[in-house]
Amino acid sequence: MDITFTDNAYNTKHAGSPLYDRDHLLTTFQQARERASQLERQILVSITLPMATHDPQVVFRMFQHLDMGDRFFWARATDKRALVGVGEATVIETTGPERVTTAATAWRELRQHAIIEKISSDLPPYTSGPVLLGGFMFDTLTPHTDLWEGFPDGLLILPHLLFHVDEDKAALTINALIDADDAVEQRTEQVVERLQHLAQALQNRIDQPVEEAAQRSSELRTQDMLPAERWKEQVAQAVKKIRAGAFEKVVLARGVQVAQEEEFDVDGTLRRLSQSYPSAYVFAIQRGTRYFMGATPERLVCSEDGEIQTMALAGSAPRGTSEEEDRRFGEELLKSEKNQGEHNFVVTTIRDALSSLCSRVWVADAPRLLKLKNIQHLETPIMGNLKPGHSILEAIEDLHPTPAVGGYPRLPALDAIREDEQLDRGWYAGPIGWIGTGGNGEFAVALRSGLVDGRQATLFAGCGIVADSDPESEYQESCLKLQVMLRGLGGEM
């Protein structure tokens, strides 16, 4: 099934298929092989083809059905933008405290001699071309456990295939790393075969909605990784340290282990998270049998056309059972000295971090309420103009961890977490997202998340502890935050 590059062929005859040409793929791979021989290094080939719009969750499910490799999902319903990747053309894996800086250097080197083609002008503007998907561990200095096997300190994946869609355009990017000895004819046929299988699968299921999973026959079993009373003792000890002047704020997280008789339905969990939290970043990254997934409300940083956007998110309150109660909770949150003080820590830290990367920084005059399904937060938008030569990965290096997930001041708060928390956070509360060419990209803070592995899952939630924190109230707040993933998995707590 060869499809030419003409817009008419795409818009009419083959509206459900990616738009490709076998001969052109082969020629491009041959060009890359010649360049690889001349430069004595592997050459990245990235070709973006226009494609009909599909439900990203359907594409995610088709990648699983076709057994093309590990999957990646990223979407925010209110933005009408999604990325769905599968397989690994190449991987950037980094270790240690310099994990982000090392990844940025590797990304620059990978792009240096790349052959990047866009087979149309009618493509999603910010995600066309090679896009790396992945994330970073919260803290490389915390002792690691087997829980996070397969999730290194830093991991950015260039998928074999990336389906990406925005409000009115969709595309498929093919990525391949070619060396001087590559059998490019065989590589071409492998790509063509993948495209044919994907096109056929999508055409066969194009009108079928994502099916609801069968009703679970067993209940979820939950168990705190640290007993509730011991976690509350941690909070009380943190309050004592704060009042003694050790630091002003520390974020303590807790983990909950969840199990059931059947394997968890990852696709169904993504669907429920997307439906329940349309303003959140819904994500999933697969490493073998494990998926790190969630629906986080907190953007770490976004960069588009030289403008960088972030947000301060700190301070929480429950949603009300009535409109009147909900409004009262929101007003109390806006007036709360404890929550306002916690929020101001975050605003100040982010503004100072961006000032070294941006020529100008804007901060909203006052926080607003971000209302989610079962919780509401204080949110302050922050923007800046990125200086030439700087990238979103540098912003991540400076911003992470924000006081919202670490504490303030940063270093003594992180020392307290390492000493007292007794939890391997792994990628929980770390940066997760994507980076493309031209400096465009978006990373969120991996909150409201969990590690799902077959019939078991480990969920995480944290609370900002300040001088007047109450251990019982903080525990109840953490339970509210855990509800996001528990409901996504199909249960309650």
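Helix H9 (residues 337-355) comprises 19 residues and reaches 27 Å from its first C-alpha to its last, close to the 27 Å expected at 1.5 Å a residue. This helix belongs to a predicted model, in which the chain averages a pLDDT of 89 and 93% of the residues score at least 70. A UniProt annotation from an unreviewed entry, "domain: Chorismate-utilising enzyme C-terminal", covers residues 229-481. Over that range the chain is 35% helix and 36% strand, with the end C-alpha atoms 18 Å apart.

**Helices H9 and H12**
- The buried residues of H9 include the nonpolar Phe345, Val346, Val347, Ile350, Ala353 and Leu354, and also Lys338, Asn339, Gln340, Glu342, His343 and Thr349.
- Helix H12 (residues 471-489) has 19 residues and should span 27 Å at 1.5 Å a residue; its end C-alpha atoms are 27 Å apart, so the two values agree.
- A kink of about 30° is centred on Gln483 in H12.
- Gly490, just after H12, takes a positive phi of about 105°.

**Nonpolar cores**
- The largest nonpolar core holds 84 residues, of which Trp74, Val250, Phe292, Val301, Trp427, Phe443 and Ile465 touch the most other members.
- Helix H6 (residues 228-243) gives the most to this core, contributing six residues.
- Another core, of 66 residues, lies apart from it and has Met68, Ile174, Met293 and Ala461 among its members.

**Backbone exceptions**
- Most residues other than glycine have a negative phi, and most peptide bonds are trans.
- The bond from His400 to Pro401 is cis, with omega near -10°; Pro401 is placed in the loop between helix H10 (392-399) and strand E19 (407-408).
- The bond from Tyr408 to Pro409 is also cis, with omega near -15°, and Pro409 lies in the loop between E19 and helix H11 (410-420).
- Gln422 has a positive phi, near 60°, and lies in the loop between H11 and strand E20 (431-435). Its relative accessibility is 53%, and Gln422 therefore counts as exposed.
- Arg448 has a positive phi near 45° and is found in the loop between strand E21 (441-445) and E22. Arg448 counts as buried because its relative accessibility is 7%, under the 20% cut-off.

**Confidence**
- Among the elements of the chain, helix H1 (residues 7-13) has the lowest mean pLDDT, 32, and strand E22 (residues 449-453) the highest, 98.
- Over residues 1-16 pLDDT stays under 50, and the model has 35 contacts beyond four places in sequence for them.
- Residues 213-217 also stay under a pLDDT of 50, with eight such contacts beyond four places in sequence.

Technical notes:
Residues are numbered from 1 along each chain as its sequence is written. This is a predicted model: local features need pLDDT of at least 70, side-chain atom pairs count only at pLDDT 80 or more; totals for chains, interfaces and linings use all residues. Side-chain values use heavy atoms; hydrogens and water are left out. UniProt positions are given in the numbering used here, feature names are shortened, and annotations may be inferred rather than shown by experiment. Helices (H or I, at least four residues) and strands (E, at least two) are DSSP runs, numbered from the N terminus. pLDDT is the predictor's confidence in each residue, from 0 to 100. Contact means heavy atoms within 4.5 Å. The expected span of a helix is 1.5 Å times one less than its number of residues. The bend at a residue is the angle between axes fitted to the seven residues ending there and the seven starting there. A nonpolar core is a set of buried Ala, Val, Leu, Ile, Met, Phe, Trp, Tyr and Cys residues joined through side-chain atoms within 4.5 Å. Buried means under 20% relative accessible area, exposed over 50%, partly exposed in between (1.4 Å probe, protein chains only).
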